[in-house]
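Please look over the sequence and the structure shown here before reading on. The notes that come after them are arranged by topic.

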Amino acid sequence: NKKEMEKPIKEFEAKCKLLVDKINEVYSPLKLQYEGFEEQRKAKKKVEVMALIEEVRAKSDLPEKYSSRIVFNESYLNKTISIKQVEQDLYKQATNAFNEYKADMQAELFIKALCEKTDHKYNLSVNLDYKNFTHLTIEEAELVIDQAGQRAALKEKEAVERIKAEEERKAKLEAEKQASEIVADTLKATNEAMQSVSKFIPVETVEEEEEQTYEITIRTTKSKYEALKRYMAEFDIAYF
């Protein structure tokens, strides 16, 4: 029957399972031991690789921004990759980092020259700082820097106009102050003179003086002249 026919097969499967268990009993410790050896090998190689990376970075003589691009790769720990191959790859990274550095320096010089050209074009008293534009591509830089020059020139013009207006305001105030002082001094002197005369001329004998025409030439500033006109108007002195 079917049960009797399957009996040898089940016996064979049981023997196979027993054999696999015995193999695993031997293999498992070996596997753990191998994995331990492999981890030790990788750790030792990683120390060696990291030291090599520091050496390559130092020899590249690049700024930290660029030397930091020489980096560790997990594939370096593979058994199939020798230390010599790792070293070659690291120097390849160093060459790429140097080329990036060189390209960035050339772009920076180009942007610096553009800023100097723009300073001269708009006659700026405060030069543009090229470091504010080093993040731009060469294609973007010319337009952006020229626009910055235009804005800077406009602001400088506005600042000059504000200073000029403030100076004119101060000059006007000073002129008006001086004119007021002149008028005050003139009025004071006139009053003193009139008081002195009145001491010697009796009031009842004072006759009204006949108006006469006198010609005088005045040399003074505009603001002082305006003050004199106000003074003459105050004493009803006609002038032509």
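What follows is a short overview and then a set of points grouped by topic.

The structure is a predicted model, and its protein holds 5 helices and 0 strands, so that, read along the sequence, its pattern is α-α-α-α-α. Of the 240 residues in the protein, 18% count as buried. Particular attention goes below to helix 3 and to Tyr66.

**The protein as a whole**

- Among the contacts in the protein with a separation of 6 or more, 65% are accounted for by residues that stand 24 or more positions apart.
- The protein exposes about 19900 Å², and carbon and sulfur atoms supply 55% of that area.

**Helix 3**

- Helix 3 covers residues 83-121, and because a helix is expected to rise 1.5 Å a residue, its 39 residues should span 57 Å, a value that agrees with the 57 Å found between its end C-alpha atoms.
- The buried residues of helix 3 are Val86, Leu90, Gln93, Ala94, Ala97, Ala107, Ile111, Leu114, Cys115, Thr118 and Asp119.
- Just after helix 3 comes Asn123, which takes a positive phi of about 50°.

**Tyr66 and its surroundings**

- Tyr66 has its place in helix 2, which is made up of residues 64-67, and with a relative accessible area of 4% Tyr66 is buried, the limit for that class being under 20%.
- Leaving aside residues up to four places away in sequence, Tyr66 touches Ala97, Glu100, Tyr101, Asp104 and Met105; of these, Ala97 is listed among the buried residues of helix 3.
- The side chains of Tyr66 and Asp104 are joined by a polar contact of 2.6 Å.
- Measuring from C-alpha to C-alpha in the model, Tyr66 and Asn96 are 9.4 Å apart in space, while in sequence they are 30 residues apart.

**Aromatic pairs**

- How many aromatic pairs does the count come to? The count comes to 2 aromatic pairs.
- In the pair formed by Tyr66 and Tyr101, the ring centres are 5.2 Å apart and the planes stand at 70°, so the pair is edge-to-face.
- Because Tyr66 lies in helix 2 and Tyr101 in helix 3, this pair ties together parts that are 35 residues apart in sequence.
- Tyr101 counts as partly exposed, since its relative accessibility is 25%, whereas its partner Tyr66 is buried at 4%.
- Phe72 and Tyr76 also form an edge-to-face aromatic pair, with 6.1 Å from centre to centre and 85° between the planes.
- Within that pair, Phe72 counts as partly exposed at 23% relative accessibility, whereas Tyr76 counts as buried at 3%.

**A charge over a ring**

- Phe72, besides pairing with Tyr76, has Lys46 lying over the face of its ring, at 5.0 Å from the ring centre.

**Glu38 in helix 1**

- Glu38 is found in helix 1, which takes in residues 2-60, and with 13% relative accessibility Glu38 counts as buried.
- A polar contact of 2.7 Å joins the side chain of Glu38 to the side chain of Arg41.

Note on methods:
Residues numbered from 1 in each chain as written. Predicted model: local features only at pLDDT ≥ 70, side-chain atom pairs only at ≥ 80, totals over all residues. Heavy atoms only, no water. Helix = DSSP H or I, 4+ residues; strand = E, 2+ residues; numbered from the N terminus. Buried < 20%, exposed > 50% of the residue type's maximum accessible area, 1.4 Å probe, protein only. Contact = heavy atoms within 4.5 Å. Areas by Shrake-Rupley, 256 points an atom, 1.4 Å probe, with all protein chains shown as cover. Expected span 1.5 Å × (residues − 1). Polar contact = N/O pair within 3.5 Å; in protein donor to acceptor, adjacent residues only side chain to side chain. Phe/Tyr/Trp six-rings, centres within 6.5 Å; stacked < 30°, edge-to-face > 60°. Lys NZ or Arg CZ within 6 Å of the ring centre and 35° of its normal.
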